[in-house]
Amino acid sequence: MLDAYLKNGELFLKEIGMATVTPEAISRAYLKPISEMTNGYVSVESDAEAIAILRRFGFELSGKTKDILSGLTSGKKGTCSICGKKTEVVPNRAFIFPFERKIDSIVDESNRLSLCSEHAFKLYAAMAYLYTVPTGEGMLKFFFDAPERDLARFKRTFKEGFWREHFQVVSQEKKGKRQYSIRTSLTLSRYHPNEAFFSVLHEFVKFLKRRRMLKKTLETGRTVRTYLVYGAGQFYREHVIEGTTLEKLIGFIDRVQNAGKEMNWGKRHLDAWDSAVVTFYENLEIPRGKDRSKNYLEREEFVRKLLEGKFDFVLLNTIFMERLKRKLTLPPYYYTWAHSYLNVFGGGVVDIKTFEQVNGLGYSLGMKMKGTNLERYQWELFRARGFEEFLNKLVELQGKLEENFDLRPVYENQGEWKVLKAILLNGMLNALYGQGKKDNIDKNPKEGSE
């Protein structure tokens, strides 16, 4: 991650025309990366303003920090952790490489990063292309890495086009002090970091489609790696999304967006590209109490796995069953999400054909169960703790319905029976409690309604 972050700093210095890093050049330019991080909404003219902005962006600066320049230039003899030169070095500060964490009881102070002035400033300059999204529990920070040409091209599309439209820093004076707030224009709610990045991707895909840049950006994006960094205090978590996965995620979101229709949803009016994403995503809530962030712990985990290239049917089934227990509606567009994901990513535990067969079986069973006293089987199947118990309940339900269904997909995938059970139950629940919208019924009468 250190090298990837450094590359962003080098790109920024190249783009502002700084060919050589000298103390004089640092002195002239050290406020520019901070101003660039705000998308140019704030003209940073002093260390006091710079420090206030950095703290607002979640940089964990010491209370003793009064200036920035000395932290980049005033050092002592040592060895640079990056280039290995024995020269004058400065210790890492939160505003240089903000993701190094020192755990006092474990890590010796001498093992922390020491940086020559050139590499300290290059790392510091990387914040110009560091992106920050507030969440319910703190801040998500992310940045991109790629070969220089692709990184510069992707940065122009993402930062200079999309990000300037959707991210703003507002400055105002209160009681004689300058205060800053971050505003993001994102359609989806975000209480956790992976949710925040998914929200950004949703808006980014819409932006690319409006500008007719989706195909071109996908081609560039294949080489772009994304670093998500979140956490606080002495611990940070890191999540890396490879370029090929990012490309597929964009393709997946594009498919789901295209399946939607303009609609009114409660008090909100949703455009066609929003409806299929928003209504499913926002209904992954399991109410728990006043702290709404806890309602979305399962959604955060589901999205985290999406960003890794996995569609977790088992976790999704747990969410569905919990919502059913609380007499809440099921998330619409489930089939669209699952089918689109498997279509783009090619399947993992199950392929797209198996999903269609098992989901269709569950939907057919659910339609036959409607209006009978057999709906309790949804819970008996859910509670099954082994393949034999699951299969026995399924055969028993088939007998009660006096119908013969094709159970071969279940037999053939015994090793993944928990996933098959989840897919079958999700199809069954859609038949029993789905909202029955025409778009999916017309295309897939046996696979489940939206």
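1. How many of the eight residues of strand 5 (residues 138–145) are buried? Seven of the eight are, which leaves the strand mostly covered. The model discussed here is a predicted one, and the points below take up its strands, its cavity, one of its helices and two loop residues.

2. Overall description. The protein chain has 450 residues, and 55% of them count as buried. Its secondary structure amounts to 20 helices and 11 strands. The C-alpha trace extends over about 85 × 45 × 45 Å along the principal axes.

3. Strands 4 and 5. Strand 5 has an antiparallel partner in strand 4 (residues 131–135), and five bridges join the two. Within this pair, P134 is placed opposite M139 of strand 5. The connection from strand 4 to strand 5 is a hairpin of two residues. In a regular strand, side chains alternate between the two faces of the sheet. In strand 5, seven of eight residues are nevertheless buried.

4. Strands 1 and 2. A second antiparallel pair consists of strand 1 (residues 76–79) and strand 2 (residues 86–91), with four bridges. Here G78 faces T87 of strand 2. This pair also forms a hairpin, with six residues between the strands. In the turn, G84 has a positive phi of about 80°.

5. The cavity. What does a search of the whole structure find in the way of cavities of 30 Å³ or more? There is one. The space in the largest cavity is about 30 Å³. Its lining is made up of F144, F154, F158, F197, L201, F204 and L246. Helix 7 (148–166) and helix 8 (193–210) are the elements that each give two or more residues to this lining. Helix 8 contributes the most, with three residues. By class the lining holds seven nonpolar residues, with no polar and no charged ones.

6. Helix 17, length. The 15 residues of helix 17 (residues 387–401) should span 21 Å at 1.5 Å a residue. The C-alpha atoms at the two ends are 21 Å apart, so the expected span and the model agree.

7. Helix 17, buried side. Which residues of helix 17 are buried? They are F387, F390, L391, L394, L397, Q398 and L401. These residues lie on the same side of helix 17, because they cover an arc of only 125° around the axis. An α-helix has 3.6 residues a turn, so residues three or four places apart point the same way.

8. Positive phi at N39. Most residues other than glycine have a negative phi. N39 has a positive value, near 65°. This residue is found in the loop between helix 3 (32–37) and helix 4 (47–56). Is N39 buried or exposed? N39 has a relative accessible area of 5%, and therefore counts as buried, the cut-off being under 20%.

9. Positive phi at Y333. Y333 is another residue other than glycine with a positive phi, again near 65°. Its place is the loop between helix 13 (313–325) and helix 14 (334–345). The relative accessibility of Y333 is 3%, so Y333 is classed as buried.

Definitions and conventions: Residues are numbered from 1 along each chain as its sequence is written. This is a predicted model: local features need pLDDT of at least 70, side-chain atom pairs count only at pLDDT 80 or more; totals for chains, interfaces and linings use all residues. Side-chain values use heavy atoms; hydrogens and water are left out. Buried means under 20% relative accessible area, exposed over 50%, partly exposed in between (1.4 Å probe, protein chains only). Two strands pair if DSSP finds at least two bridges between them. On a 1 Å grid over the protein atoms alone, a cavity is a set of points where a 1.4 Å probe fits but cannot get out, and a pocket is an open set with protein on both sides within 12 Å along at least five of seven lines; lining residues have an atom within 4 Å of a point. Grid points are joined across faces, edges and corners, and a volume is the space filled by probe spheres set on the points. Ala, Val, Leu, Ile, Met, Phe, Trp, Tyr, Cys and Pro count as nonpolar, Asp, Glu, Lys and Arg as charged, and the others, Gly among them, as polar. The expected span of a helix is 1.5 Å times one less than its number of residues. The arc is that of the directions from the helix axis to the C-beta atoms.
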